[in-house]
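Colleague: Could you take me through this model, beginning with its pockets and going on to confidence and the sheet?

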Amino acid sequence: MLRNRKIEMTVHNLYIFDRNGTCLHYSEWNRKKQAGISKEEEYKLMYGMLFSIRSFVSKMSPLDMKDGFLAFQTSRYKLHYYETPTGVKIVMNTDLGVPNCRDVLHQIYSTLYVEYIVKNPLCALGETLQSELFSSRLESFIRALPFFSARAG
Amino acid sequence: MSRQSNRTTESKKMNSELFTLTYGALVTQLCKDYENDEEVNKQLDKMGYNIGVRLIEDFLARSSVGRCHDFRETADVIAKVAFKMYLGITPSVTNWSPAGDEFSLILESNPLVDFVELPDNHSTLVYSNLLCGVLRGALEMVQMAVDVRFAQDTLRGDNVTEIRMKFIKRIEENLPAGDE
């Protein structure tokens, strides 16, 4: 098939944090290597890095900041970042071929997080999300993304 | 627990009498449950707050509004976008304090009070106090601490309904404790 010829694009994993740094949700798809620390430590490390990089980016900005920190990339992966004015932070790691993901992350916020968590009065905010409905919708949303490919490495 | 999948971000039509009567039933029940008006006002504010902290997320998801640059912009967004979206009215923004940290929303009409007349034994009841809580909760989520209160109310014989909003401070985001 045509899409198998070139380097495959993929989504590795996704974190959702609230404004207090609590990791509300984590899921992964094609993560070949783990960080070697507990998940709790990993979330803290990730959130701490985001917190620092945000303030670094705005301090160092030679121009007026607009959206602030959006993404970084290494030689192997790309981290996409989206933050709402209420401090909900969505982080998605993909491989390098994936283009700008702001719209995708905004969609996760507005059509999944807000619809299935915030608007459900029985879903507590500020703690790990228990909603299976949310998890399954998120799962199918990610799998349906044009750049999602389960086999890529 | 099945949910309809054809959700849209457009606002759906709802019978406004049902909305008004539901709010009325809520206030009435609170008046039965609590001894005095002060306590009812407090409960309404608290409920509003809990609504506000969730409603702001819905607001951000639907509108393309980003972070405001100053309190004047916030005032405009509240009046022209938020009130319009959720209550179908557009209050006017007036009476700015010289320092620009305080303003009034003047409501020509208030859908919550369509059928209401305050009885004499509830003279200190702030019937629509829920709105104050909503505004306070919503703004707190976008890092703004504000004080919100009713300055005038047509239910108490004033000509207009006036909500007074005062900016207190910007809430700084902190790194959770115990992190290195």
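Colleague: What is the volume of the second largest pocket, and which residues are the closest to its centre?
Modeller: This is a predicted model, in which local features need pLDDT of at least 70 and side-chain atom pairs count only at pLDDT 80 or more, while totals for chains, interfaces and linings use all residues. Residues are numbered from 1 along each chain as written, and chains are lettered from A in the order in which they are written. A pocket here is an open set of points on a 1 Å grid over the protein atoms alone, where a 1.4 Å probe fits and protein lies on both sides within 12 Å along at least five of seven lines, and lining residues have an atom within 4 Å of a point. The second largest pocket holds about 1,300 Å³, and of its 33 lining residues the closest to the centre are A:Arg54, A:Lys66, A:Asp67, A:Glu83 and B:Arg67.

Colleague: Which element supplies the largest share of that lining?
Modeller: Helices (DSSP runs of H or I, at least four residues) and strands (E, at least two) are numbered from the N terminus. In chain A, α1 (39–60), β4 (78–83) and α2 (102–118) each supply at least two lining residues. The largest share, five residues, comes from α1(A).

Colleague: Where in chain B does pLDDT stay under 50?
Modeller: Chain B averages a pLDDT (the predictor's confidence in each residue, from 0 to 100) of 89, and 92% of its residues score at least 70. Where pLDDT is low, the predicted coordinates should not be read in detail. With contact meaning heavy atoms within 4.5 Å, the model has seven contacts beyond four places in sequence for the stretch that stays under 50, residues 1–9 of chain B.

Colleague: Which strands lie at the edges of the sheet in chain B?
Modeller: Two strands pair if DSSP finds at least two bridges between them, and four strands of chain B form an open, antiparallel sheet in the order β1-β2-β4-β3. Each edge strand pairs on one side only, and these are β1 (92–94) and β3 (144–152) of chain B.

Colleague: What angle does the direction of helix α3 of chain B make with that of β2(B)?
Modeller: Strand β2 (residues 102–107) of chain B runs antiparallel to β1(B), to which three bridges join it, and B:Thr94 stands opposite B:Ser104 in β2(B). Helix α3 (residues 71–87) of chain B packs on the sheet, touching β1, β2, β3 and β4 (161–170) of that chain. With axes fitted to C-alpha atoms, for helices over the stretch in contact, and angles running from 0 to 180 degrees between N-to-C directions, the angle between α3(B) and β2(B) is about 15°.

Methods:
Side-chain values use heavy atoms; hydrogens and water are left out. Grid points are joined across faces, edges and corners, and a volume is the space filled by probe spheres set on the points.
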